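Here is a short set of exercises to work through with the model open beside you. Try each task before reading its solution.

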Amino acid sequence: MNRRTIITGTGHYVPPRIVTNFDLEKLMSTSDEWIQQRTGIKTRHHVEPGVGSSDLGVEAAARAIAAAGIDKSSIDFLIAATVSPDYTFPGIGVQIGAKLGIPGIGALDVRNQCTGFIYGLSIADQYIRTGMYKRILLVASEVQSTNLNYSDDGRDTAVLFGDGAAAVICEPHEAEDGRGLLSTHLWADGRFVETLWQPYPTVKDKPYVNQAVIDNKLAFPRMDGKKVFVNASERMPEAVMTGLTANGLTVADIDLLIPHQANDRISQMVAKKLQIPLEKVVRNIDRYGNTTAASIPLALDECVLEGRVKPGDLVVLASFGSGFTWASAVLRW
Ligand code: COA
(Lines give C-alpha, C1' and ligand atoms only; values in the text may rest on other atoms or scores of the structure.)
Protein backbone atom coordinates (compact mmCIF):
# COMPACT_ATOMS: atom_id res chain seq x y z
CA MET A 1 0.00 0.00 0.00
CA ASN A 2 1.25 3.46 -0.88
CA ARG A 3 1.15 5.54 2.28
CA ARG A 4 1.58 9.25 1.82
CA THR A 5 1.51 12.22 4.17
CA ILE A 6 -1.48 14.49 3.85
CA ILE A 7 -2.14 17.85 5.50
CA THR A 8 -5.52 17.60 7.22
CA GLY A 9 -5.62 20.99 8.90
CA THR A 10 -3.94 24.40 8.64
CA GLY A 11 -3.98 27.47 10.85
CA HIS A 12 -2.17 30.75 11.30
CA TYR A 13 -1.95 33.52 13.84
CA VAL A 14 -0.36 36.96 13.73
CA PRO A 15 -0.18 39.38 16.65
CA PRO A 16 -2.79 42.16 16.38
CA ARG A 17 -0.43 45.16 16.18
CA ILE A 18 0.10 46.29 12.59
CA VAL A 19 3.24 48.31 11.84
CA THR A 20 3.19 50.34 8.63
CA ASN A 21 6.11 51.62 6.60
CA PHE A 22 5.11 55.09 7.82
CA ASP A 23 5.62 53.91 11.41
CA LEU A 24 9.15 52.81 10.45
CA GLU A 25 9.82 56.19 8.81
CA LYS A 26 9.67 57.65 12.33
CA LEU A 27 12.49 55.39 13.52
CA MET A 28 15.02 55.45 10.66
CA SER A 29 15.81 57.07 7.32
CA THR A 30 13.49 55.09 5.15
CA SER A 31 10.28 55.71 3.22
CA ASP A 32 7.09 53.92 2.38
CA GLU A 33 7.99 54.41 -1.28
CA TRP A 34 11.46 52.80 -0.92
CA ILE A 35 10.15 49.83 1.04
CA GLN A 36 7.24 49.18 -1.32
CA GLN A 37 9.34 49.59 -4.45
CA ARG A 38 12.20 47.36 -3.28
CA THR A 39 10.26 44.72 -1.36
CA GLY A 40 6.49 44.99 -1.93
CA ILE A 41 5.93 45.24 1.84
CA LYS A 42 3.29 47.67 3.14
CA THR A 43 2.70 46.40 6.66
CA ARG A 44 3.89 43.72 9.05
CA HIS A 45 2.73 42.58 12.49
CA HIS A 46 4.75 43.07 15.68
CA VAL A 47 4.17 41.48 19.08
CA GLU A 48 3.74 43.38 22.32
CA PRO A 49 6.53 42.92 24.87
CA GLY A 50 6.27 39.62 26.73
CA VAL A 51 4.96 37.62 23.77
CA GLY A 52 7.23 34.90 22.39
CA SER A 53 7.30 32.60 19.38
CA SER A 54 5.85 29.80 21.50
CA ASP A 55 2.78 31.97 22.25
CA LEU A 56 2.11 32.71 18.57
CA GLY A 57 2.80 29.06 17.75
CA VAL A 58 0.24 27.82 20.26
CA GLU A 59 -2.46 30.05 18.72
CA ALA A 60 -1.65 28.86 15.21
CA ALA A 61 -1.53 25.24 16.37
CA ALA A 62 -4.94 25.53 18.06
CA ARG A 63 -6.40 26.79 14.77
CA ALA A 64 -4.82 23.95 12.77
CA ILE A 65 -6.14 21.41 15.27
CA ALA A 66 -9.64 22.91 15.02
CA ALA A 67 -9.46 22.95 11.21
CA ALA A 68 -8.43 19.28 11.17
CA GLY A 69 -11.33 18.49 13.52
CA ILE A 70 -9.14 16.33 15.72
CA ASP A 71 -8.73 15.87 19.43
CA LYS A 72 -5.38 17.37 20.42
CA SER A 73 -4.66 14.35 22.63
CA SER A 74 -4.38 12.26 19.46
CA ILE A 75 -1.30 14.19 18.27
CA ASP A 76 1.66 11.87 18.69
CA PHE A 77 4.59 14.08 17.68
CA LEU A 78 5.41 17.76 17.44
CA ILE A 79 7.86 19.57 15.19
CA ALA A 80 8.57 23.27 15.65
CA ALA A 81 10.53 25.47 13.26
CA THR A 82 11.84 28.87 14.26
CA VAL A 83 14.82 31.16 13.94
CA SER A 84 13.59 33.14 16.94
CA PRO A 85 12.99 30.84 19.93
CA ASP A 86 11.78 32.36 23.20
CA TYR A 87 14.97 31.17 24.90
CA THR A 88 18.48 30.18 23.85
CA PHE A 89 17.44 26.76 25.11
CA PRO A 90 15.22 24.81 25.22
CA GLY A 91 13.50 25.27 21.88
CA ILE A 92 9.84 26.23 21.46
CA GLY A 93 8.68 22.68 20.62
CA VAL A 94 8.56 21.60 24.26
CA GLN A 95 6.88 24.87 25.26
CA ILE A 96 4.21 24.56 22.60
CA GLY A 97 3.47 20.98 23.68
CA ALA A 98 3.06 22.06 27.31
CA LYS A 99 1.04 25.22 26.56
CA LEU A 100 -1.30 23.29 24.28
CA GLY A 101 -1.90 20.80 27.08
CA ILE A 102 -0.23 17.85 25.33
CA PRO A 103 3.01 17.41 27.28
CA GLY A 104 4.88 14.13 27.01
CA ILE A 105 4.94 13.59 23.25
CA GLY A 106 8.25 13.99 21.46
CA ALA A 107 9.03 17.54 20.34
CA LEU A 108 11.68 18.30 17.77
CA ASP A 109 13.02 21.77 17.03
CA VAL A 110 14.11 22.56 13.50
CA ARG A 111 16.60 25.38 12.93
CA ASN A 112 16.63 25.93 9.22
CA GLN A 113 15.56 29.56 9.07
CA CYS A 114 13.32 30.38 6.09
CA THR A 115 13.32 26.76 4.92
CA GLY A 116 12.39 25.46 8.38
CA PHE A 117 8.84 24.62 7.40
CA ILE A 118 9.77 22.49 4.38
CA TYR A 119 12.58 20.80 6.34
CA GLY A 120 10.02 20.08 9.08
CA LEU A 121 7.51 18.78 6.56
CA SER A 122 10.16 16.47 5.16
CA ILE A 123 10.86 15.07 8.63
CA ALA A 124 7.14 14.63 9.35
CA ASP A 125 6.79 12.83 6.03
CA GLN A 126 9.46 10.27 6.91
CA TYR A 127 7.82 9.49 10.27
CA ILE A 128 4.36 9.22 8.74
CA ARG A 129 5.39 7.04 5.81
CA THR A 130 7.31 4.63 8.02
CA GLY A 131 4.30 4.41 10.33
CA MET A 132 6.22 5.69 13.35
CA TYR A 133 3.74 8.52 13.99
CA LYS A 134 0.17 9.03 12.80
CA ARG A 135 -0.65 12.61 13.68
CA ILE A 136 2.10 15.20 13.68
CA LEU A 137 1.71 18.86 14.57
CA LEU A 138 4.16 20.97 12.58
CA VAL A 139 4.40 24.57 13.79
CA ALA A 140 6.46 27.42 12.41
CA SER A 141 6.59 30.57 14.47
CA GLU A 142 8.64 33.75 14.58
CA VAL A 143 9.02 36.81 16.77
CA GLN A 144 11.63 38.85 14.96
CA SER A 145 10.51 42.40 15.71
CA THR A 146 12.26 42.40 19.10
CA ASN A 147 15.61 41.60 17.49
CA LEU A 148 15.94 44.15 14.71
CA ASN A 149 18.13 47.23 14.54
CA TYR A 150 15.67 50.10 14.08
CA SER A 151 18.35 52.64 13.25
CA ASP A 152 19.81 53.68 9.91
CA ASP A 153 22.53 51.02 9.98
CA GLY A 154 19.89 48.30 10.38
CA ARG A 155 17.32 49.62 7.95
CA ASP A 156 18.10 47.06 5.23
CA THR A 157 16.83 44.26 7.49
CA ALA A 158 14.51 46.02 9.99
CA VAL A 159 11.95 46.84 7.30
CA LEU A 160 11.81 43.29 5.95
CA PHE A 161 10.83 41.03 8.83
CA GLY A 162 7.54 40.46 10.63
CA ASP A 163 6.12 38.30 13.39
CA GLY A 164 3.69 35.45 12.83
CA ALA A 165 3.01 31.76 13.13
CA ALA A 166 1.36 28.98 11.18
CA ALA A 167 0.79 25.28 11.72
CA VAL A 168 -0.32 22.15 9.91
CA ILE A 169 -1.49 18.71 10.97
CA CYS A 170 0.14 15.85 9.05
CA GLU A 171 -1.49 12.42 8.84
CA PRO A 172 -1.16 9.24 6.75
CA HIS A 173 -3.23 8.95 3.59
CA GLU A 174 -3.61 5.54 1.99
CA ALA A 175 -6.34 6.10 -0.60
CA GLU A 176 -5.21 5.63 -4.19
CA ASP A 177 -6.51 9.05 -5.24
CA GLY A 178 -3.12 10.62 -5.88
CA ARG A 179 -3.49 13.08 -3.02
CA GLY A 180 -0.80 13.83 -0.46
CA LEU A 181 2.80 14.95 -0.27
CA LEU A 182 4.59 13.71 -3.38
CA SER A 183 8.13 14.82 -2.56
CA THR A 184 10.43 17.08 -0.62
CA HIS A 185 13.91 18.13 -1.69
CA LEU A 186 16.38 19.81 0.64
CA TRP A 187 19.69 21.58 0.07
CA ALA A 188 22.24 23.53 2.09
CA ASP A 189 25.49 25.34 1.37
CA GLY A 190 27.30 26.58 4.45
CA ARG A 191 29.87 28.46 2.42
CA PHE A 192 27.31 31.28 2.54
CA VAL A 193 26.85 31.35 6.33
CA GLU A 194 28.07 34.93 6.56
CA THR A 195 25.80 36.22 3.80
CA LEU A 196 22.72 36.12 6.03
CA TRP A 197 23.28 35.49 9.71
CA GLN A 198 23.30 36.71 13.26
CA PRO A 199 26.76 35.93 14.64
CA TYR A 200 26.29 37.46 18.11
CA PRO A 201 25.95 36.63 20.94
CA THR A 202 28.34 33.75 20.33
CA VAL A 203 29.60 30.98 22.60
CA LYS A 204 33.03 31.80 21.21
CA ASP A 205 32.99 34.92 23.41
CA LYS A 206 33.74 34.66 27.11
CA PRO A 207 31.59 35.84 28.69
CA TYR A 208 28.95 34.93 26.18
CA VAL A 209 26.94 38.08 26.88
CA ASN A 210 29.28 41.06 27.02
CA GLN A 211 29.09 44.83 26.83
CA ALA A 212 30.99 45.09 23.53
CA VAL A 213 28.22 43.17 21.77
CA ILE A 214 25.69 45.72 22.98
CA ASP A 215 27.88 48.79 22.43
CA ASN A 216 28.76 47.76 18.87
CA LYS A 217 25.16 46.72 18.03
CA LEU A 218 26.38 43.26 17.07
CA ALA A 219 23.39 41.22 18.25
CA PHE A 220 21.30 41.81 15.16
CA PRO A 221 20.78 39.99 11.85
CA ARG A 222 23.25 40.89 9.11
CA MET A 223 22.78 40.41 5.43
CA ASP A 224 24.35 40.98 2.05
CA GLY A 225 20.96 41.76 0.50
CA LYS A 226 22.05 41.66 -3.13
CA LYS A 227 23.77 38.28 -2.78
CA VAL A 228 20.73 36.86 -0.99
CA PHE A 229 18.45 38.26 -3.67
CA VAL A 230 20.44 36.76 -6.55
CA ASN A 231 20.80 33.34 -4.93
CA ALA A 232 17.15 33.15 -3.84
CA SER A 233 16.03 34.03 -7.37
CA GLU A 234 18.18 31.21 -8.80
CA ARG A 235 17.80 28.45 -6.19
CA MET A 236 14.01 28.59 -5.77
CA PRO A 237 13.17 27.96 -9.44
CA GLU A 238 15.79 25.18 -9.52
CA ALA A 239 14.22 23.63 -6.41
CA VAL A 240 10.78 23.76 -8.02
CA MET A 241 12.06 22.13 -11.21
CA THR A 242 13.81 19.35 -9.29
CA GLY A 243 10.56 18.62 -7.41
CA LEU A 244 8.47 18.62 -10.57
CA THR A 245 10.90 16.48 -12.55
CA ALA A 246 11.11 13.91 -9.75
CA ASN A 247 7.36 13.45 -10.10
CA GLY A 248 7.19 13.50 -13.90
CA LEU A 249 5.41 16.88 -13.79
CA THR A 250 5.95 20.23 -15.49
CA VAL A 251 5.36 23.87 -14.58
CA ALA A 252 2.08 23.71 -16.52
CA ASP A 253 0.79 21.16 -13.96
CA ILE A 254 1.16 23.61 -11.04
CA ASP A 255 -2.11 25.05 -9.72
CA LEU A 256 -0.52 27.02 -6.91
CA LEU A 257 3.09 27.99 -6.25
CA ILE A 258 3.84 29.20 -2.74
CA PRO A 259 7.32 30.70 -2.63
CA HIS A 260 8.83 31.84 0.67
CA GLN A 261 7.79 35.47 1.08
CA ALA A 262 11.20 37.14 1.29
CA ASN A 263 10.70 39.99 -1.13
CA ASP A 264 7.95 40.39 -3.71
CA ARG A 265 10.55 41.13 -6.37
CA ILE A 266 12.12 37.72 -5.65
CA SER A 267 8.70 36.04 -6.02
CA GLN A 268 8.17 37.83 -9.32
CA MET A 269 11.61 36.80 -10.50
CA VAL A 270 10.91 33.17 -9.57
CA ALA A 271 7.62 33.33 -11.52
CA LYS A 272 9.41 34.83 -14.52
CA LYS A 273 12.16 32.21 -14.52
CA LEU A 274 9.61 29.39 -14.29
CA GLN A 275 7.32 31.12 -16.80
CA ILE A 276 4.35 30.58 -14.53
CA PRO A 277 1.51 33.13 -14.55
CA LEU A 278 1.56 35.41 -11.50
CA GLU A 279 -2.08 34.49 -10.71
CA LYS A 280 -0.77 31.06 -9.69
CA VAL A 281 1.88 32.51 -7.39
CA VAL A 282 0.84 33.24 -3.81
CA ARG A 283 2.04 36.66 -2.63
CA ASN A 284 1.07 38.08 0.74
CA ILE A 285 4.31 39.78 1.76
CA ASP A 286 2.57 43.15 1.40
CA ARG A 287 0.68 42.46 4.65
CA TYR A 288 3.12 40.37 6.68
CA GLY A 289 6.69 41.09 5.57
CA ASN A 290 9.08 38.16 5.79
CA THR A 291 7.90 35.84 8.58
CA THR A 292 10.81 33.43 7.95
CA ALA A 293 9.82 29.82 8.81
CA ALA A 294 6.14 30.80 9.12
CA SER A 295 5.81 32.45 5.72
CA ILE A 296 4.90 29.39 3.61
CA PRO A 297 2.37 27.76 5.98
CA LEU A 298 0.85 31.18 6.67
CA ALA A 299 0.33 31.73 2.94
CA LEU A 300 -0.97 28.16 2.60
CA ASP A 301 -3.54 28.68 5.36
CA GLU A 302 -4.73 31.91 3.74
CA CYS A 303 -5.26 29.99 0.50
CA VAL A 304 -7.26 27.36 2.37
CA LEU A 305 -9.39 29.97 4.12
CA GLU A 306 -10.00 31.84 0.85
CA GLY A 307 -10.90 28.62 -1.01
CA ARG A 308 -7.95 29.28 -3.32
CA VAL A 309 -6.77 25.68 -3.05
CA LYS A 310 -9.06 22.74 -3.83
CA PRO A 311 -8.69 18.99 -3.36
CA GLY A 312 -6.65 17.56 -6.22
CA ASP A 313 -4.75 20.81 -6.91
CA LEU A 314 -1.01 20.57 -7.42
CA VAL A 315 0.62 22.82 -4.84
CA VAL A 316 4.35 23.50 -4.92
CA LEU A 317 6.25 25.08 -2.03
CA ALA A 318 9.71 26.58 -2.45
CA SER A 319 11.98 28.31 -0.02
CA PHE A 320 15.40 29.86 0.37
CA GLY A 321 17.16 31.45 3.29
CA SER A 322 20.01 31.76 5.73
CA GLY A 323 22.58 29.00 5.68
CA PHE A 324 22.14 29.08 2.73
CA THR A 325 19.41 26.48 2.84
CA TRP A 326 16.76 25.93 0.22
CA ALA A 327 14.00 23.40 -0.39
CA SER A 328 10.89 22.46 -2.31
CA ALA A 329 7.83 20.33 -1.67
CA VAL A 330 5.28 19.03 -4.16
CA LEU A 331 1.80 18.20 -2.87
CA ARG A 332 -1.40 16.97 -4.45
CA TRP A 333 -3.86 18.80 -2.18
N1 COA B 1 15.20 52.48 3.31
C2 COA B 1 15.86 53.32 2.50
N3 COA B 1 17.03 53.06 1.95
C4 COA B 1 17.56 51.87 2.23
C5 COA B 1 16.96 50.94 3.07
C6 COA B 1 15.73 51.29 3.62
N7 COA B 1 15.05 50.46 4.43
N8 COA B 1 17.73 49.85 3.14
C9 COA B 1 18.81 50.08 2.38
N10 COA B 1 18.71 51.31 1.83
C11 COA B 1 19.65 51.98 0.95
C12 COA B 1 21.02 51.39 0.94
O13 COA B 1 21.76 51.89 2.04
C14 COA B 1 21.56 51.85 -0.38
O15 COA B 1 22.00 53.18 -0.22
P16 COA B 1 23.33 53.67 -0.97
O17 COA B 1 23.07 53.45 -2.42
O18 COA B 1 23.41 55.09 -0.56
O19 COA B 1 24.43 52.81 -0.44
C20 COA B 1 20.35 51.90 -1.28
O21 COA B 1 19.21 51.85 -0.40
C22 COA B 1 20.24 50.76 -2.25
O23 COA B 1 20.52 49.60 -1.54
P24 COA B 1 20.60 48.24 -2.29
O25 COA B 1 21.16 47.25 -1.32
O26 COA B 1 21.23 48.42 -3.62
O27 COA B 1 19.06 47.95 -2.53
P28 COA B 1 18.45 46.67 -3.14
O29 COA B 1 17.71 47.04 -4.36
O30 COA B 1 19.42 45.54 -3.22
O31 COA B 1 17.36 46.29 -2.05
C32 COA B 1 16.96 44.76 -0.29
C33 COA B 1 17.76 45.97 -0.74
C34 COA B 1 17.42 44.41 1.13
C35 COA B 1 15.49 45.10 -0.27
C36 COA B 1 17.21 43.60 -1.26
O37 COA B 1 18.57 43.44 -1.47
C38 COA B 1 16.63 42.31 -0.79
O39 COA B 1 15.44 42.19 -0.56
N40 COA B 1 17.45 41.26 -0.68
C41 COA B 1 16.98 39.98 -0.24
C42 COA B 1 16.79 40.03 1.23
C43 COA B 1 16.06 38.85 1.74
O44 COA B 1 15.17 38.36 1.12
N45 COA B 1 16.45 38.40 2.93
C46 COA B 1 15.81 37.33 3.58
C47 COA B 1 15.97 36.09 2.77
S48 COA B 1 15.21 34.78 3.53
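**Exercise 1. Locate Gly289 and decide whether it is buried or exposed.**

Step 1: Gly289 sits in the loop between α10 (285-288) and α11 (295-306). Helices are DSSP runs of H or I with at least four residues, strands are runs of E with at least two, and both are numbered from the N terminus.

Step 2: The relative accessible area of Gly289 is 2%, so Gly289 is buried. Buried means under 20%, exposed means over 50%, and partly exposed lies in between, with a 1.4 Å probe and protein chains only.

Step 3: Gly289 and Gly164 are 125 residues apart along the chain, and their C-alpha atoms are separated by 9.7 Å.

Before going on, note that this is a predicted model, in which local features need pLDDT of at least 70 and side-chain atom pairs count only at pLDDT 80 or more, while totals for chains, interfaces and linings use all residues. Residues are numbered from 1 along each chain as its sequence is written, and side-chain values use heavy atoms, with hydrogens and water left out.

**Exercise 2. Stay with the loop between α10 and α11 and describe the backbone of Thr292.**

Step 1: Thr292 lies in this loop, between α10 and α11.

Step 2: Although Thr292 is not a glycine, its phi is positive, at about 50 degrees.

Step 3: With a relative accessible area of 3%, Thr292 is buried.

Step 4: For a second case, turn to Gln113, which also is not a glycine and has a positive phi of about 50 degrees. Gln113 is placed in the loop between β5 (106-110) and α5 (116-130), and at 14% relative accessibility it counts as buried.

**Exercise 3. Find which residues are joined by cis peptide bonds.**

Step 1: Lys206 and Pro207 are joined by a cis peptide bond with omega of about 0 degrees. Pro207 belongs to the loop between β9 (196-197) and α7 (211-215).

Step 2: Another cis peptide bond joins Gly323 and Phe324, with omega of about -15 degrees. Phe324 is in the loop between β12 and β13. Keep Phe324 in mind for the next task.

**Exercise 4. Search for aromatic pairs, then describe the one formed by Trp187 and Trp326.**

Step 1: The whole structure yields seven aromatic pairs. Rings of Phe, Tyr and Trp (its six-membered ring) pair if their centres lie within 6.5 Å; planes under 30 degrees apart are stacked, those over 60 are edge-to-face, and the rest are tilted.

Step 2: Trp187 and Trp326 are stacked, at 6.3 Å centre to centre with 10 degrees between the planes. Their pair links distant parts of the chain, 139 residues apart: Trp187 is in strand β8 (residues 180-188) and Trp326 in strand β13 (residues 325-332).

Step 3: Trp187 is partly exposed at 25% relative accessible area, whereas Trp326 is buried at 11%.

Step 4: The ring centres of Phe320 and Phe324 are 4.7 Å apart and the planes are at 55 degrees, so this pair is tilted. Both Phe320 and Phe324 are buried.

Step 5: Put the picture together: ring pairs link Trp187, Phe192, Phe320, Phe324 and Trp326 into a cluster.

**Exercise 5. Count the disulfides and explain why Cys114 forms no bond.**

Step 1: A disulfide is a covalent bond between the sulfur atoms of two cysteines. The cut-off is a pair of cysteine sulfur atoms within 2.5 Å.

Step 2: The structure holds zero disulfides. For Cys114, the closest cysteine sulfur is that of Cys303, and the 18 Å between them is too far for a bond.

Step 3: Cys170 is in no disulfide either, and its nearest cysteine sulfur, in Cys303, is 17 Å away.

Step 4: Cys114 counts as buried at 9% relative accessibility, and Cys170 counts as buried at 0%.

**Exercise 6. Describe the shell of residues around the ligand.**

Step 1: The ligand is surrounded by 24 residues, and the closest are Thr30, Arg38, Gly225, Lys226 and Asn263. A residue is counted if one of its heavy atoms lies within 4 Å.

Step 2: The side chain of Thr30 has an N or O atom 2.6 Å from a nitrogen atom of the ligand. In Gly225, a backbone N or O atom lies 2.9 Å from a ligand nitrogen atom.

Step 3: The largest share of the shell, four residues, comes from α8.

Methods
Polar contact = N/O pair within 3.5 Å; in protein donor to acceptor, adjacent residues only side chain to side chain.
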